[in-house]
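Let's walk through this fold together, one question at a time. Have a look at the model first.

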Amino acid sequence: MMQLLEAAGATSVVLVDGEEEAVRAAMVRRPAVIVSDVSLRQGHGPAAVLRIVGDDAQVRAMFVTGEPAAGRPGDPRWPVLTKPVADEVFVATFRSIAPIV
């Protein structure tokens, strides 16, 4: 996924595997875009994203999941891709939401 994010134009990436870790990482460095799974090792991806984004409409998000039935994110602007995802679909989706110049 790191290579796909870089190919899509991401300039920095922080990898975490749980809700609390994601929230802590976002407090250190505010993300412009969040790419998350719906199910995390600890916690729930949409809950983490909602906690991070809060009222900030500038932060964009997308979800990549093998468990689409696990729950839809709370915001219709956040696309959900079902695994397996073709590389070109992932890159195009990221670029469609990322504030890349």
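Q: Which helix joins β1 and β2 in a right-handed β-α-β unit?
A: This is a predicted model, where local features need pLDDT of at least 70 and side-chain atom pairs count only at pLDDT 80 or more, while totals for chains, interfaces and linings use all residues. Residues are numbered from 1 along each chain as its sequence is written, and side-chain values use heavy atoms, leaving out hydrogens and water. Helices (H or I, at least four residues) and strands (E, at least two) are DSSP runs numbered from the N terminus, and right-handed means that, with the strands pointing away from the viewer, the path from the first strand over the helix to the second runs clockwise. Here the helix of the unit is α3, residues 45–53.

Q: What is the bridge partner of Ile-34 in β2?
A: Strands pair if DSSP finds at least two bridges between them. β1 (residues 33–36) and β2 (residues 60–65) pair in the parallel sense over 4 bridges. In β2, the partner of Ile-34 is Ala-61.

Q: Which element supplies the largest share of the largest nonpolar core?
A: Such a core is a set of buried (under 20% relative accessible area, 1.4 Å probe, protein chains only) Ala, Val, Leu, Ile, Met, Phe, Trp, Tyr and Cys residues joined through side-chain atoms within 4.5 Å. This one has 13 residues, and Ile-34, Ala-61 and Phe-63 are among those touching the most other members. α2 (19–28), α3 and β2 each supply at least two residues. The largest share, 4 residues, comes from α3.

Definitions and conventions: Buried means under 20% relative accessible area, exposed over 50%, partly exposed in between (1.4 Å probe, protein chains only).
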